[in-house]
Amino acid sequence: MEEKDLRNLETFRSLLKDKKFSALRSMAQDMNVTDIAVILEAVEDEDMLKMFRLFPKELAADVFAQLEDESQQYIITSLSDKEAGTVIDNLYADDAADLLEEMPASVVKRLLANTSPATRKDVNHLLQYPDSSAGSIMTVEFVDLKETMTVADAKNRIRVLGTDSETVNVCYVLNSKRLLLGTVALRYLIIRNDDELISDIMHEDVVSCSTSDDQEHVAQIFKKYDFTALPVVDHENRMVGIITVDDIMDIVEQETTEDIDRMNAIIPNDKPYLKTGVFETWKKRIPWLLLLMISATFTGKIITGFETSLSRMVILTAYIPMLMDTGGNAGGQASVEVVRGLSLEEISFVDFGRIVWKEIRVGILCGLTLATAVFIKCMLFDGLQLMVAGVVSLTVICAVFLAKTIASCLVMFVSKTKLDPAVVASPMLTTIIDALSLTIYFAIASTFLPI
């Protein structure tokens, strides 16, 4: 927490303790809602609820939208039915839908019963879409215009709808069937003459997404076009909502966190680290640890199979960790870069041949470089025989080459099956490559050395 937040936190606590509620309310009205949310997250639950009740309803709704899921659920279930209904009525529909989606059905039913008919309609509309789809993250509050309107008419409509809309920077031109015809930026409305028609100034080449599009695809559209808002249409091209950049930032963080978790063999978890219990953390980590431990026994079996050979030339044992780590690291590099390319839609399965060919060449170059370095080390510093140093170096070349090739192929094949390629980039890949590196090592040693 920043120094400014700490000072505000102490002030809030002092005002609440001294029962100076008017001063606390006045101070909150002059603050940024995100800063207020930081303060509420830092106080005890009971104090958080007391402070929240002091805020005006519009401010309370704005602050509520910035809180963590657990804090939102605590507040909404602690309020009376009428108070909770008021909070939900003042939330944007997408934020209200996100809140209710995480709550038990019995609580949702009670809360919706105390909201306005318009809110119930909007929230129920959003809840029907699949998780992680564009429809599930959009908001239905936006400014729509008719092409027959004048600029003056459009400005008047913005004044009416703007307060309840998530953004007015871009307005959307619809016909009587709500088909999306074009867009008009607010800055154009400001500089144009009042008697000009919307049809003459609207931008007709509109980029939109479908309600069924995956949220990751939507994030790529935002990245490509630098949008602050994107219209969402149904299968008949009727506009049903918009997605704003603040929602996409949350999605990008969520998707990135999931990929990092999977790449480190952890079942994804949407809770903050310190708010996840020990038992829950154990459940997220132990399945992969068990699987990796069992799979690693194959490596042990390979070593056991060459136990007699190793006893004749014990020096070979000293290089096993280095060879396993080098192969695993090489494969990890390739898989992470390919996963990143797939996630950013820079590459796809049609690029399979180009990707594998590139990794083959990179693998050879990296292998030769590492083999040269390890050969010099073995000869100058370790005092190995020429043939032994050659075996270690040749193994490095083969291990790095195969690791990068196999890693890129596996990730691409997994992406083709519609599974998450980040799973392949986990330690499971390292386990596979460890076994291959050992097999190559002992095969080369058996061929060129008297063991």
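This passage walks through the nonpolar cores, aromatic pairs and charged contacts of a predicted model.

The hydrophobic interior comes first. The largest nonpolar core holds 60 residues, and the members that touch the most others are Phe12, Leu40, Phe52, Phe55, Phe64, Ile76 and Ile243. Three of these names turn up again among the aromatics, since ring pairs tie Phe52, Phe55 and Phe64 into a cluster. Ile76, for its part, is in contact with Phe64, Ala84, Val87, Ile88, Leu99, Met103 and Leu111, leaving aside neighbours within four places in sequence. A second core, separate from this one, has 32 residues, including Ala334, Val391, Ala407 and Tyr441.

Next, the rings. The model has nine aromatic pairs. One of them is Phe142 with Tyr172, an edge-to-face pair with 6.0 Å between the centres and 90° between the planes. These two come from distant parts of the chain, 30 residues apart: Phe142 lies in the loop between helix H11 (134–137) and strand S1 (144–145), while Tyr172 belongs to strand S2 (residues 170–174). Phe142 counts as buried because its relative accessibility is 8%, and Tyr172 is buried too, at just 1%. A ring also meets a charge at Tyr188, where the charged end of Arg187 sits over the ring, 5.1 Å from its centre.

That leaves the charged side chains, with 14 salt bridges in total. Asp35 pairs with Lys4, the closest N and O atoms being 3.3 Å apart. This bridge links distant parts of the chain, with Asp35 in helix H3 (residues 33–42) and Lys4 in helix H1, 31 residues apart. Asp35 has 18% relative accessibility and so counts as buried, whereas Lys4, at 39%, is partly exposed.

Right beside Lys4 in sequence is the odd case of Asp5, which is buried yet has no salt bridge. Its nearest side chain of opposite charge is that same Lys4, 4.8 Å away; the cut-off for a bridge is 4 Å, so the two do not count as a pair. Asp5 sits in helix H1 (residues 3–17) and, sequence neighbours within four places aside, is in contact with Asp35, Val38 and Ile39.

Two further bridges deserve a mention. Asp234 and Arg238 meet at 2.9 Å, N to O, with Asp234 buried at 12% relative accessibility and Arg238 partly exposed at 33%. Shared partners also join Asp144, Arg157 and Arg178 into one salt-bridge network. Glu196 and Arg192 form a bridge at 3.4 Å, and here Glu196 is partly exposed at 23%, as is Arg192 at 35%.

Note on methods:
Residues are numbered from 1 along each chain as its sequence is written. This is a predicted model: local features need pLDDT of at least 70, side-chain atom pairs count only at pLDDT 80 or more; totals for chains, interfaces and linings use all residues. Side-chain values use heavy atoms; hydrogens and water are left out. Rings of Phe, Tyr and Trp (its six-membered ring) pair if their centres lie within 6.5 Å; planes under 30 degrees apart count as stacked, over 60 as edge-to-face and the rest as tilted. Helices (H or I, at least four residues) and strands (E, at least two) are DSSP runs, numbered from the N terminus. Buried means under 20% relative accessible area, exposed over 50%, partly exposed in between (1.4 Å probe, protein chains only). A charge sits over a ring if NZ of Lys or CZ of Arg is within 6 Å of the ring centre and within 35 degrees of the ring normal. A nonpolar core is a set of buried Ala, Val, Leu, Ile, Met, Phe, Trp, Tyr and Cys residues joined through side-chain atoms within 4.5 Å. Contact means heavy atoms within 4.5 Å. Lys and Arg count as positive and Asp and Glu as negative; His and the chain ends are not counted.
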